[in-house]
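Reader: I am new to this structure and should be grateful for a close look at a single part of it. Would you kindly concentrate on the packing of elements against one another, and explain each term as it arises?

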Amino acid sequence: MQPNLLLKEFNQTDSDAVTLELGRTLSLPLLPERDNQMSLTTNALWYHALWLTNEWTQGTSAYHTYIEPLKVQIQTTFWLPSLDYCSSWITSSGKADPQIFAYPIIACTLRSRLLTTAMQKKIVQVVKEHLWTPLGIRSLAPFEATYQGYPSQSAAIARDLFFNGAQKPWLSQFFYAAWAAHPTIFGESVRENSEHRKVSECDP
């Protein structure tokens with residue numbers, strides 16, 4: 001199997017099964033796929049699975065030579081230099097969806113480090129600025145044309161929640177984990193903030 005085919009050769013049944021199993025391990029709901037679109041989350045979890053297999057076999061797995069080329073391919077396929085952000089889906093026409101979704105934050109927390117440090121920091125910044133709320137992370141940025149912020153009155157409410165900007169509390173764990181990995185992104189580090197709060201609490 002050639003590395004440039006890894007993204008496409010697995011059939012949907014196998015892909016869903018692996019994504020679901022990894023999702024359970026990460027406490028991650030199974031994300032629905034859009035029709036004929038390729039998901040960053042699914043590809044990130046596939047890469048993570050191959051990386052883990054390689055780690056467990058100490059570099060002797062059949063996928064050993066595919067890890068780095070696949071990593072580069074996913075980065076170049078999903079990263080949008082014009083937006084300085086990561087696309088969440090590749091459309092059926094082969095183009096990256098330029099809308100600002102929250103789901104790239106999941107890839108930032110994988111131990112396999114699919115994305116570069118610079119990419120991770122930018123994603124954390126964008127999520128904090130446009131998607132973070134006290135009640136959860138919005139699935140879609142409010143300035144996008146398809147943003148609703150709540151379930152639409154349709155039969156596919158469950159799917160709508162993933163795409164229309166509704167707040168997703170379960171995404172918060174990934175955001176905070178990614179932020180903790182890069183604690184100085186917003187100036188003060190997490191530790192400095194914590195110490196500052198302790199001092200303030202002691203003030204009369």
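Author: The account below begins with the chain as a whole, turns to two pairs of helices, and ends with some individual residues.

The model is predicted; local features are given where pLDDT is at least 70 and side-chain atom pairs where it is 80 or more, while totals for chains, interfaces and linings use all residues. Residues are numbered from 1 along each chain as its sequence is written, and side-chain values use heavy atoms, with hydrogens and water left out.

The protein chain contains 9 helices and 7 strands; these are DSSP runs numbered from the N terminus, with helices (H or I) of at least four residues and strands (E) of at least two. Of its 204 residues, 44% are buried, where buried means a relative accessible area under 20%, exposed means over 50%, and partly exposed lies in between, for a 1.4 Å probe and protein chains only. Contact here means heavy atoms within 4.5 Å. Among contacts between residues at least 6 apart in sequence, 63% join residues at least 24 apart.

Two packed helices are described by the angle between their axes and the distance between those axes. The axes are lines fitted to C-alpha atoms, for helices over the stretch in contact, and angles between N-to-C directions run from 0 to 180 degrees.

The pair to examine closely is α3 (residues 40-56) and α4 (residues 67-78). The axes of α3 and α4 are 10 Å apart, and the helices pack at an angle of about 165 degrees. That angle makes α3 roughly antiparallel to α4, since angles over 145 degrees count as roughly antiparallel, under 35 as roughly parallel, 65 to 115 as roughly perpendicular and the rest as oblique. The crossing of α3 and α4 is left-handed; a crossing has this name if the near helix is turned anticlockwise from the far one by less than a right angle, and is right-handed if clockwise.

On the α3 side, the residues in contact are Leu40, Asn43, Tyr47, Leu50, Trp51 and Asn54, and they meet Ile67, Leu70, Lys71, Ile74 and Phe78 of α4. Sorted by class, this contact has 8 nonpolar, 2 polar and 1 charged residues. In that sorting, Ala, Val, Leu, Ile, Met, Phe, Trp, Tyr, Cys and Pro count as nonpolar, Asp, Glu, Lys and Arg as charged, and the others, Gly among them, as polar.

Helix α4 has 12 residues and reaches 17 Å from its first C-alpha to its last, close to the 16 Å expected at 1.5 Å a residue. The expected span is 1.5 Å times one less than the number of residues in the helix. The buried residues of α4 are Ile67, Leu70, Lys71, Gln73, Ile74, Gln75 and Phe78.

A second pair is formed by α6 (residues 117-131) and α8 (residues 172-181), whose axes come within 10 Å and cross at roughly 130 degrees. Helices α6 and α8 are therefore oblique to each other, and their crossing is left-handed. Val124, Val127 and Lys128 of α6 make the contact with Phe175, Ala178 and Trp179 of α8. By class, that contact has 5 nonpolar, no polar and 1 charged residues.

Helix α6 also contains His130, which is partly exposed at 25% relative accessibility. Leaving out residues up to four places away in sequence, His130 touches Arg138, Ala141, Pro142 and Phe143. One of these partners, Ala141, belongs to the loop between β6 (136-138) and α7 (157-163) and is buried, at 0% relative accessibility. With the sequence neighbours up to four places away again set aside, Ala141 touches Ile100, His130, Leu131 and Tyr147. Ala141 and Ile100 are 41 residues apart in sequence, yet their C-alpha atoms are 5.6 Å apart in space.

Finally, two loop residues deserve notice for their backbone. Most residues other than glycine have a negative phi. Arg113, in the loop between α5 (104-107) and α6, has a positive phi of about 50 degrees although it is not a glycine; Arg113 is partly exposed, with a relative accessible area of 41%. Asp84, in the loop between β2 (79-80) and β3 (85-86), likewise has a positive phi, near 55 degrees. The relative accessible area of Asp84 is 36%, which places it as partly exposed.
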